[in-house]
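Here is a small set of exercises to work through at your own pace. Have a look at the sequence and the structure first, then try each task before reading its solution.

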Amino acid sequence: MFQALAKYFGFKEKDTSWSNEIIAGLTTFVTMAYILFVNPNILGDAGMPKSAVLMATAIGAGIATLTMGLYAKLPFALAPGMGLNAYFAYSVCQGLGLPWQVALGAVFIDGLIFLILSILPVRKWIVQSIPLNIKLATSVGIGLFIALIGLKSAGIVVKSDATLVTLGSLKTPETLLSIFGIIVIALLMALNVKGNILIGILITTIVGAFIKGSNGEYITHFTGNIIALPNWSEFSKTFLALDILGALKWGFFSIIFTFTFVDMFDTVGTISGLASKLNILKEDGSFEGAERALVSDAVGTIAGALCGTSTITTYVESASGIAEGGKTGAVSLITGLLFLLSIVFWPLAGIIPSAATAPALVIVGFLMMEPILKVNFKDVSEALPAFITIIAMPFTYSVANGLILGILSYVLLKLLTGKVKELNPVLIVLSILFILYFIF
């Protein structure tokens with residue numbers, strides 16, 4: 001069987017071996033396994049049962065990553081995307097007051113739309129229509145949004161009637177523990193330790209077991225079990241719990257558009273960057289297996305929604321496995337199997353405190369800032385819409401608002417500065433629809 005798989009993945013042509021691919025798969029899994037514990041805490045704020053979300057995260061990520069490996073034959077791993085899970089919990093469920101079942105329905109529709117766009121040439125047309133600086137700004141804005149959520153969860157930033165937000169008390173045990181977690185992860189990153197975010201979460205969780213919180217109880221509550229057989233009755237709380245009709249009733253632009261937009265460009269940007277690291281990127285920006293990679297990503301989102309988690313997307317952390325010598329879909333095969341095996345860790349979802357996952361959100365926010373270096377600040381008609389996109393996301397506490405305001409400001413500035421030729425029909429149509437959306 002192993003020889004047959006080696007031939008299927010093209011080990012000989014790509015000069016690799018099972019030892020290389022297994023090490024790369026393990027590295028990728030350890031690097032991104034933090035999502036198993038961060039995702040339940042974020043979606044838990046939407047009212048979802050954390051244990052069920054951890055299992056949904058593991059199963060959804062496992063299915064998506066296996067699909068990427070076996071179908072696209074690429075060493076890319078997938079899991080619920082940071083930023084989209086925050087949008088799911090805080091903008092859709094808390095902000096709009098929608099049930100998480102409706103939000104899952106929107107994610108499912110997003111997956112279907114993305115699948116259709118990945119199969120048809122329409123996908124390429126839409127991707128090319130959105131300005132590069134808006135795409136870059138989206139990542140940065142989501143990073144700030146995630147960081148703000150992390151700082152709020154840590155108690156470092158709190159609300160204020162006078163100034164909207166202000167510095168929280170740095171004396172509370174929970175806040176001090178979160179600060180400790182940020183320092184630990186930052187130190188591990190500086191030392192180039194693999195799996196730094198996951199290790200930081202676990203260390204902070206263990207330390208929290210020896211520190212009493214503001215309520216007089218230990219911050220981390222160990223229940224006696226770290227692993228256990230899969231609790232299918234718990235998983236059934238989110239499995240097939242999505243409300244598709246409810247999502248359609250609430251409208252396309254308020255929820256589904258944002259899920260689809262961010263998912264599409266986040267995926268395109270990520271897989272292009274990973275393909276570049278693999279040295280398979282062609283001059284025109286294409287690479288072998290690109291269409292299959294996009295299809296795999298869409299299938300992952302659909303599977304995730306059915307299991308009970310937010311949008312699943314390709315992870316840039318896959319680069320860690322590529323750096324270790326991973327070259328084929330066998331890497332994703334190993335990573336996907338490890339995600340499926342991690343369903344036995346579902347008891348940890350109720351053990352790891354928010355004080356331990358908040359540092360991870362801050363660090364992930366930091367990691368998403370790099371694209372700002374590529375924004376064209378010399379042209380105000382390009383830079384200002386990018387700036388509006390970035391600041392609107394954290395300041396309005398909504399990814400959707402940032403995207404909409406960024407595109408609207410881009411079109412308006414191009415019209416006012418006589419640069420109509422730089423616009424395209426897609427942007428014009430989107431702007432009209434956005435204006436109608438705000439009016440009605």
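## Exercise 1: Two backbone outliers

Asn192 sits in the loop between α9 and α10 (196–208). Keep in mind that the model is predicted.

**Task.** Find out what is notable about phi of Asn192, and decide whether Asn192 is buried or exposed. Then do likewise for Leu240.

**Solution.**
1. Start with the backbone: Asn192 has a positive phi of about 60°, although Asn192 is not a glycine.
2. Next, take the accessibility. Asn192 has a relative accessible area of 65%, and exposed means over 50%, so Asn192 is exposed.
3. Turn to Leu240, which lies in the loop between α11 (232–235) and α12 (244–249). Phi of Leu240 is near 60°, again a positive value in a residue other than glycine.
4. Leu240 has a relative accessible area of 51%. Leu240 is therefore exposed as well, given the cut-off of over 50%.

## Exercise 2: How far to trust the model

**Task.** Work out which helix has the lowest mean pLDDT among the elements of the protein chain, and which has the highest.

**Solution.**
1. Begin with the whole chain: the average pLDDT is 86, and 92% of the residues score at least 70.
2. Now go element by element. Helix α7 (residues 122–129) has the lowest mean pLDDT, at 64.
3. At the other end of the scale, helix α9 (residues 173–190) has the highest mean, at 95.
4. A word of caution applies: where pLDDT is low, predicted coordinates should not be read in detail.

## Exercise 3: Inside the cores

**Task.** Name the residues that touch the most other members of the largest nonpolar core, then list the contacts of Tyr34.

**Solution.**
1. The largest nonpolar core has 78 residues, and Tyr34, Met82 and Phe88 touch the most other members.
2. Leaving out residues up to four places away in sequence, Tyr34 touches Met82, Ile197, Leu198, Ile201, Tyr315, Glu317 and Val364.
3. Another core, of 21 residues, lies apart from the largest one; Met68, Ala72, Leu74 and Ala275 are among its members.
4. As background, nonpolar side chains in soluble globular proteins tend to be buried together.

## Exercise 4: A residue with no accessible area

**Task.** Locate Ala56, and say which residues Ala56 touches beyond four places in sequence.

**Solution.**
1. Ala56 belongs to helix α4 (residues 50–72).
2. The relative accessible area of Ala56 is 0%, so Ala56 is buried.
3. Its contacts, not counting residues up to four places away in sequence, are Ala61, Phe235, Thr238, Cys307, Gly308 and Thr309.
4. Take Thr238 from that list: Ala56 and Thr238 are 182 residues apart in sequence, yet their C-alpha atoms are 7.6 Å apart in space.

## Exercise 5: Salt bridges

**Task.** Count the salt bridges in the structure, and find which residues are joined into one network by shared partners.

**Solution.**
1. The structure holds five salt bridges.
2. One of them pairs the side chains of Lys237 and Glu234, at 3.0 Å from N to O. Lys237 is partly exposed at 45% relative accessible area, whereas Glu234 is buried at 14%.
3. Lys419 bridges to Asp379, with the closest N and O atoms 3.2 Å apart. Lys419 is in the loop between α19 (399–416) and α20, and Asp379 is in the loop between α17 (354–367) and α18 (380–395), so this pair ties together parts that are 40 residues apart in sequence.
4. Glu422 and Lys414 also meet through their side chains, at 2.5 Å from N to O. Glu422 counts as partly exposed at 40%, while Lys414 is buried at 0%.
5. Through shared partners, salt bridges join Asp379, Glu382, Lys414, Lys419 and Glu422 into one network.

## Exercise 6: Helix α20 and a surface patch

**Task.** Identify the residues that make the nonpolar surface patch of about 570 Å², and decide whether Pro425 is buried or exposed.

**Solution.**
1. The patch is made by Ile428, Val429, Ile432, Leu433, Ile435, Leu436 and Ile439.
2. One of these, Ile428, is in helix α20 (residues 425–439) and is partly exposed, with a relative accessible area of 31%.
3. Pro425 is also placed in helix α20; at 60% relative accessibility, Pro425 counts as exposed.
4. Finally, Pro425 and Ser129 are 296 residues apart in sequence, while the C-alpha to C-alpha distance is 8.4 Å.

Technical notes. Residues numbered from 1 in each chain as written. Predicted model: local features only at pLDDT ≥ 70, side-chain atom pairs only at ≥ 80, totals over all residues. Heavy atoms only, no water. Core = buried A, V, L, I, M, F, W, Y, C linked by side-chain atoms within 4.5 Å. Buried < 20%, exposed > 50% of the residue type's maximum accessible area, 1.4 Å probe, protein only. Contact = heavy atoms within 4.5 Å. Helix = DSSP H or I, 4+ residues; strand = E, 2+ residues; numbered from the N terminus. Patch = residues over 30% accessible without salt bridge, like charges linked within 9 Å, V, L, I, M, F, W, Y side chains within 5 Å. Areas by Shrake-Rupley, 256 points an atom, 1.4 Å probe, with all protein chains shown as cover. Salt bridge = Lys/Arg side-chain N within 4 Å of Asp/Glu carboxyl O. pLDDT = per-residue confidence, 0-100.
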